[in-house]
Amino acid sequence: MQSHCGESGGISWQSHVSADGIVGYREAGPALRRTEVAGATFGFIIELGPPLRMGSGRRYSAGFVAAPGSGAMVTEHDGLQEGLQFEIPPEQFFAVMGVHPSEVTGMESLADFAPSRFLAERCADDPTWEGRL
């Protein structure tokens, strides 16, 4: 596992990256608003801290998955964000999530998918990044 930390513009951050590319992160500082852009894979965020607010005003308490090519989304938090981020290629999505990739358009709550329903709770119960990753 590789770990990094720093501070910039009043925001302190930590990131921890596992050998298979899962990123654990924590940001603390003033409220933050930014634009996130979906890539060519399914992007997952498992929220371990307060839920992010999306541009639509929706919050996903366990986290969310963004479909490939689903465009840009504004995200906001009140000064603390903590979670895990990873990606799954479309050709592996069904094997992992049990849902055909074409059924996910845009952004969906992780709570809607059986394999990940309790993943946020399980990760939150482990206080170490090594255990979470």
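In what order do the elements of the chain run from the N terminus on? Before I answer, please keep in mind that what we have in front of us is a predicted model. The order, written with β for a strand and α for a helix, is β-β-β-β-β-β-β-β-β-α-β-α-α, and the secondary structure of the chain comes to 3 helices and 10 strands. The radius of gyration is 14 Å, close to the 14 Å that the globule rule gives for 133 residues, so the chain is as compact as a globular protein of that length.

Let me stay with the whole chain for a moment. Along its principal axes, the C-alpha trace spans about 40 × 30 × 25 Å. Of the 133 residues, 35% are buried, and the chain exposes about 7,300 Å², of which carbon and sulfur atoms supply 52%. If we take the contacts between residues that are at least 6 apart in sequence, 62% of them join residues that are at least 24 apart.

Now to the pockets. The largest pocket has a volume of about 520 Å³, and 30 residues line it, with Glu 36, Val 37, Ile 45, Phe 64 and Gln 85 being the closest to its centre. Which elements give two or more residues to the lining of this pocket? They are strands S2 (11-17), S3 (23-28), S4 (32-37), S5 (42-47), S7 (63-66), S8 (72-77) and S9 (80-88). Sorted by class, the lining has 14 nonpolar, 11 polar and 5 charged residues.

Strand S8, which I have just named among the lining elements, is a good place to look at single residues, and I have picked two of them. Thr 75 is found in strand S8, and Thr 75 counts as buried because its relative accessible area is 6%, which is under the 20% cut-off. Leaving aside its neighbours within four places in sequence, Thr 75 is in contact with Leu 32, Arg 33, Arg 34, Glu 36, Leu 52, Arg 53 and Met 54.

The second residue, Met 73, also has its place in strand S8. Is Met 73 buried, exposed or partly exposed? With a relative accessible area of 23%, Met 73 is partly exposed, because that value falls between the cut-offs of 20% and 50%. Not counting residues up to four places away in sequence, Met 73 touches Arg 34, Thr 35, Glu 36, Met 54, Gly 55, Ser 56 and Met 107. Met 73 and Thr 128 are 55 residues apart along the chain, and their C-alpha atoms are separated by 30 Å.

From the strand I turn to the loops, beginning with Ala 31, which is found in the loop between S3 and S4. At 54% relative accessibility, Ala 31 counts as exposed, and, with residues up to four places away in sequence not counted, Ala 31 touches His 77, Asp 78 and Gly 79. Ala 31 and Met 97 are 66 residues apart in sequence, and from C-alpha to C-alpha they are 33 Å apart in space.

Is a residue in a loop buried or exposed, if we take Ser 18 as the case? Ser 18 lies in the loop between S2 and S3, and at 12% relative accessibility Ser 18 counts as buried. Its C-alpha is 9.8 Å in space from that of Arg 132, although Ser 18 and Arg 132 are 114 residues apart in sequence.

The last residue I would like to show you is Leu 110, which is found in the loop between strand S10 (107-109) and helix H2 (119-125). Leu 110 is buried, with a relative accessible area of 2%. The C-alpha atoms of Leu 110 and Ile 45 are separated by 8.5 Å, while along the chain these two residues are 65 residues apart. Ile 45 has come up already, as one of the residues closest to the centre of the largest pocket, and with that I will stop.

Definitions and conventions: Residues numbered from 1 in each chain as written. Predicted model: local features only at pLDDT ≥ 70, side-chain atom pairs only at ≥ 80, totals over all residues. Heavy atoms only, no water. 1 Å grid on protein atoms, 1.4 Å probe; cavity = no way out; pocket = protein on both sides within 12 Å on 5 of 7 lines; lining within 4 Å. Points joined across faces, edges and corners; volume = space filled by probe spheres on them. Helix = DSSP H or I, 4+ residues; strand = E, 2+ residues; numbered from the N terminus. Nonpolar A, V, L, I, M, F, W, Y, C, P; charged D, E, K, R; others polar. Rg over C-alpha atoms; globule rule 2.2 N^0.38 Å. Buried < 20%, exposed > 50% of the residue type's maximum accessible area, 1.4 Å probe, protein only. Contact = heavy atoms within 4.5 Å. Areas by Shrake-Rupley, 256 points an atom, 1.4 Å probe, with all protein chains shown as cover.
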